[in-house]
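Hi,

Here is the structure I promised to pass on. Have a look at it first, and my notes follow below.

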Amino acid sequence: MIGGFHLIGPGEAKIEKTISEFRRLNVKKIVPIHCTGFEAIKRISIEMPDEFEYGTVGCRIL
């Protein structure tokens with residue numbers, strides 16, 4: 001799943017719910033981009049390290 005998940009400022013509950021949905025959907029790779037928000041990107045990287053890949057300009061996703 002690649003995208004800006006727009007989780008800037010929604011609070012912990014929405015970030016937690018989003019991570020729970022990623023798990024429920026058995027997402028294999030999560031590539032959040034800048035408009036996901038720093039806190040959400042940090043939480044996804046910590047809670048789902050095997051699925052996480054940070055997306056930046058020019059990155060290649062394999």
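Let me start with a cysteine: Cys 59 has a relative accessibility of 32%, so it counts as partly exposed. Before going further, keep in mind that this is a predicted model.

Back to that cysteine. Which sulfur is closest to that of Cys 59, and how far off is it? The answer is Cys 35, at 14 Å, which is too far for a bond. A disulfide would need the two sulfur atoms within 2.5 Å. Seen from the other end, the cysteine sulfur closest to Cys 35 is the one in Cys 59, again too far away to bond. The structure accordingly has 0 disulfides. As for Cys 35 itself, is it buried or exposed? With 18% relative accessibility it falls in the buried class, because the cut-off for buried is under 20%.

Now the overall fold. You'll find 2 helices and 2 strands in the protein, and going along the sequence they come in the order β-α-β-α. The radius of gyration is 11 Å, close to the 11 Å that the globule rule gives for 62 residues, so the protein is as compact as a globular protein of that length. If you want box dimensions, the C-alpha trace spans about 30 × 25 × 15 Å along its principal axes.

On contacts and burial: take the contacts between residues at least 6 apart in sequence, and 62% of them join residues at least 24 apart. Of the 62 residues, 32% are buried. The accessible surface adds up to about 4200 Å², with carbon and sulfur atoms accounting for 59% of that.

For the electrostatics, the protein carries 9 positive and 8 negative charges. The mean positions of these two sets lie 5 Å apart.

One more spot to click on is the start of the chain. Met 1 sits in the segment before β1 (2–3), and its relative accessible area of 43% makes it partly exposed. What does Met 1 touch, once residues up to four places away in sequence are left out? The list is Phe 22, Val 27, Lys 29, Ile 30 and Val 31. For one of these, Val 27, there is a backbone distance too: its C-alpha atom is 7.0 Å from that of Met 1, though the two residues are 26 apart along the chain.

That's what I have for now.

Cheers

Note on methods:
Residues numbered from 1 in each chain as written. Predicted model: local features only at pLDDT ≥ 70, side-chain atom pairs only at ≥ 80, totals over all residues. Heavy atoms only, no water. Helix = DSSP H or I, 4+ residues; strand = E, 2+ residues; numbered from the N terminus. Rg over C-alpha atoms; globule rule 2.2 N^0.38 Å. Buried < 20%, exposed > 50% of the residue type's maximum accessible area, 1.4 Å probe, protein only. Contact = heavy atoms within 4.5 Å. Areas by Shrake-Rupley, 256 points an atom, 1.4 Å probe, with all protein chains shown as cover. Lys, Arg positive; Asp, Glu negative; His and termini not counted. Charge placed at Lys NZ, Arg CZ, Asp CG, Glu CD.
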